[in-house]
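This note sets out several points for a colleague who is reviewing the model. They concern the ligand site and the metal site.

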Amino acid sequence: MSKLSPVEALVKREQLVRDGFCIIPGVLDDSMLERWIEYSDSVLDATPHNPDTKYQGSDFHINSRRRYLRGDMHRPDLGLWSPLVDELVDLPAADEACEAIGIEGKESDDTVLILSKPAQGPALYWHQDFMEWDHPKASLPWPTRIFLSYYLVDTTVENGCLRAIPGTHLKRIPLHDILPAAHGPEIQALDTSHPVFADHPDAIDLPVKAGDLVINDARLLHAAHANRSNQRRTLLLQWHSIFPWPGVPSWWARPLPEVIQRASEFGSYEMSRIPGKYLGAERAAG
Ligand SMILES: O=C(O)CCC(=O)C(=O)O
Ligand SMILES: [Fe+2]
């Protein structure tokens, strides 16, 4: 990767904050890409297709070696771990890119999800992946939870590239009101004729090259096209928490969000996948 210039980095940061995503080209080097293609192919080839996750394709959670040694594996039922995960989540080129665009306090979940659309696999429904909608952080104008993605093949509309509706991490649209919780049994049971699979006038396609780093705000509405090619389309996805509550990005120059000023008033809360009063609250407050 050629390093981002300060101006390019600023443009990426502004895009992440405004639109809810940005793409940094050429972060994963060829050798890492090849090792992950080999590893993910071996996992995918060895495991029967799971119809419960047919729209994501596959949903394998691979733990880092660190997590395995600590004995706190995520999805221990799957029993999957690899030192490749440690290498990927610690990748210096990705850390550099995240630092350059001003991401602070980044903490990885230390897992990699292998989400692989098989050849001729169906589209992925519209959804967002944020899990803390009842916490005031859900209204913040900067992201607190992001997913970093690398696609292992070049993606296009034809083979199932990512799609997004820019700005929906901060703004409610009618689609929010018809979406069941992401990845739960209700949405998995829907047919592809359901509106959660429909095209949307504000949707944009995000085709990328293999090894580009895609950074998404967890709150953003996104989906993926069907894979109409004869080759699997594999994605490696890592979750990170950033800007720990109630911290403020060092570069934040706009007025402080009201919820930050009142942070001490907020107590405990339940996890929730359903956007409530906090979606768009800061925008509404101006
Ligand atoms: O398949 C993709 O491109 C996106 C996957 C995704 O957003 C998810 O599984 O939550
Ligand atoms: Fe997602």
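**Notes on the ligand and metal sites**

1. At least two residues of the shell around ligand 1 come from each of strand S5 (124-127), strand S10 (222-224) and strand S11 (233-241). The model under review is predicted.

2. The residues that surround ligand 1 are Gln 56, Leu 115, Leu 124, His 127, Asp 129, Tyr 151, Leu 162, His 183, His 222, Ala 224, Arg 233 and Leu 235. Sorted by class, this shell around ligand 1 contains 6 nonpolar, 4 polar and 2 charged residues.

3. Polar contacts to ligand 1 merit inspection. Tyr 151 places a polar side-chain atom 2.6 Å from an oxygen atom of ligand 1. For Arg 233, an N or O atom of the side chain is 2.9 Å from an oxygen atom of ligand 1. His 127 has a polar side-chain atom 3.0 Å from an oxygen atom of the ligand. Of the 290 Å² of accessible area that ligand 1 has on its own, the protein covers 97%.

4. The largest pocket is the space taken by ligand 1.

5. The iron ion (ligand 2) has as its protein donors His 127 (NE2), Asp 129 (OD) and His 222 (NE2), which lie 2.1 Å from the ion. The spacing of these donor residues in sequence is H-x1-D-x92-H. Asp 129, in the loop between S5 and strand S6 (145-151), and His 222, in strand S10, are 93 residues apart, and the pair links distant parts of the chain.

6. The two sites should be read together. His 127, Asp 129 and His 222 are listed among the residues surrounding ligand 1, and His 127, Asp 129 and His 222 are also the protein donors of the iron ion.

Terms used. Residues are numbered from 1 along each chain as its sequence is written. Chains are lettered from A and ligands numbered from 1 in the order in which they are written. This is a predicted model: local features need pLDDT of at least 70, side-chain atom pairs count only at pLDDT 80 or more; totals for chains, interfaces and linings use all residues. Side-chain values use heavy atoms; hydrogens and water are left out. A residue is near a molecule or strand if one of its heavy atoms lies within 4 Å of it. A polar contact is a pair of N or O atoms within 3.5 Å; within protein, one must be able to donate a hydrogen and the other to accept it, and residues adjacent in sequence count only if both atoms are side-chain atoms. Accessible areas come from the Shrake-Rupley method with a 1.4 Å probe; for residues, only the protein chains shown count as cover. On a 1 Å grid over the protein atoms alone, a cavity is a set of points where a 1.4 Å probe fits but cannot get out, and a pocket is an open set with protein on both sides within 12 Å along at least five of seven lines; lining residues have an atom within 4 Å of a point. A molecule sits in a cavity or pocket if more than half of its atoms lie within 2 Å of its grid points. Helices (H or I, at least four residues) and strands (E, at least two) are DSSP runs, numbered from the N terminus. Ala, Val, Leu, Ile, Met, Phe, Trp, Tyr, Cys and Pro count as nonpolar, Asp, Glu, Lys and Arg as charged, and the others, Gly among them, as polar. Donors are N, O and S atoms within 2.8 Å of the metal (3.2 Å for Na, K and Ca); water is not among the atoms, so sites may look incomplete.
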